[in-house]
Amino acid sequence: MEREFVFIKPNAVRRSLIGEIISRYEKKGLKIIALKMIQMTKTQSEKLYKEHEGKDFYKPLIDFVLSGPVLVMVLEGERAVEVVRHMHGDTDPLKAFPGSIRGDYGLTVRKNIVHASDSQEKAEKEWQIFFDQEELLEYSIGEENF
Ligand SMILES: Nc1ncnc2c1ncn2[C@@H]1O[C@H](COP(=O)(O)OP(=O)(O)OP(=O)(O)O)[C@@H](O)[C@H]1O
Ligand SMILES: [Mg+2]
């Protein structure tokens, strides 16, 4: 079982897309093991996007993720990292296939609706920015059915 860190970006929260997006993860068979709505702090955003520091889109990206509440979550399932990134689609919503979250709801690269870690190692580092270990919950969704 893999764990994937995801957050729903502020524009998607403002556009009332939370339910729609969470519903897709649930229907796919991913288990939500942690979830909360937060106003990200500057420190958290800088930790999260450390790899992009110095790039031209860095500062506007930080300003954007701090522009309103986001939903942070940890999803668990077989091959969760790859599965979630397929569901999100290409970073550029123009290239993301229709049927993917960015393909269906996104228009611009910066405001591309959702974030997901690109490896299990990164996922663990990234969820630790937002959650304590004991906030990750253990329960069954009848995994044998997926
Ligand atoms: N050229 C760009 N112009 C504006 N924003 C960008 C650009 N490249 C990346 N971003 C923003 O930075 C985020 C992180 O970029 P990254 O290359 O890690 O994309 P990703 O791995 O597809 O998406 P994410 O990490 O958000 O799941 C992107 O989701 C996007 O919002
Ligand atoms: Mg990334």
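**From a strand residue to the ligand and a loop**

The bridge partner of V6 in β4 is A116, and this pair offers a way into the structure, which is a predicted model. V6 has a counterpart in β3 as well, where it stands opposite M73. The pairing between β1 and β4 is antiparallel and extends over three bridges, while β1, made of residues 2-8, also pairs in the antiparallel sense with β3, residues 70-77, over seven bridges. Within the pairing of β1 with β3, R3 is found opposite E76.

How are the strands ordered in the sheet as a whole? The sheet is open and has four strands, which follow one another in the order β2-β3-β1-β4 with antiparallel pairing. At its edges stand β2, residues 31-38, and β4, residues 114-116, and because each of these has a single partner strand, one side of each is left without a neighbour in the sheet. From one strand to the next, the twist averages 20 degrees. As a general matter, the strands of a sheet pair through backbone hydrogen bonds, in either a parallel or an antiparallel manner.

Helices accompany these strands. Helix α5, which covers residues 80-88, packs on the sheet and touches β1, β3 and β4, with a direction that makes about 30 degrees with that of β1. Helix α7, residues 120-130, lies across β1, β2, β3 and β4 and runs at about 55 degrees to β1. Strand β1 itself is mostly covered, since six of its seven residues are buried.

A116, which was met above as the bridge partner of V6, leads on to the ligand. Ligand 1 is surrounded by 14 residues, and the closest of them are K9, T91, V109, N112 and A116. Which polar side-chain atoms lie within a few ångströms of its oxygen atoms? One belongs to K9, and it lies 3.0 Å from an oxygen atom of ligand 1; another belongs to H115, at 3.1 Å from an oxygen atom of the ligand; and H52 places a polar side-chain atom 3.2 Å from an oxygen atom of ligand 1. Of the 580 Å² of accessible area that ligand 1 has on its own, the protein covers 78%.

The last stop is the loop between α5 and α6, where α6 comprises residues 101-105 and where G99 is found. S100 also has its place in the loop between α5 and α6. Is each of these two residues buried or exposed? G99 has a relative accessibility of 52% and therefore counts as exposed, the cut-off for that term being over 50%. S100, by contrast, has a relative accessible area of 6% and so is buried, a term that applies under 20%.

The contacts of the two residues complete the picture of this loop. When neighbours within four places in sequence are left aside, G99 is in contact with R24 and D104. S100, not counting residues up to four places away in sequence, touches R24, H86, M87, H88 and G89, and its side chain reaches the backbone nitrogen of G103 at 3.0 Å. R24 thus appears among the contacts of G99 and among those of S100. As for how G99 is placed relative to V83, the two are 16 residues apart in sequence, and their C-alpha atoms are 14 Å apart in space.

Definitions and conventions. Residues numbered from 1 in each chain as written. Chains lettered and ligands numbered in written order. Predicted model: local features only at pLDDT ≥ 70, side-chain atom pairs only at ≥ 80, totals over all residues. Heavy atoms only, no water. Pairing = 2+ DSSP bridges. Helix = DSSP H or I, 4+ residues; strand = E, 2+ residues; numbered from the N terminus. Axes fitted to C-alpha atoms, helices over the stretch in contact; angles between N-to-C directions. Contact = heavy atoms within 4.5 Å. Buried < 20%, exposed > 50% of the residue type's maximum accessible area, 1.4 Å probe, protein only. Near = heavy atom within 4 Å. Polar contact = N/O pair within 3.5 Å; in protein donor to acceptor, adjacent residues only side chain to side chain. Areas by Shrake-Rupley, 256 points an atom, 1.4 Å probe, with all protein chains shown as cover.
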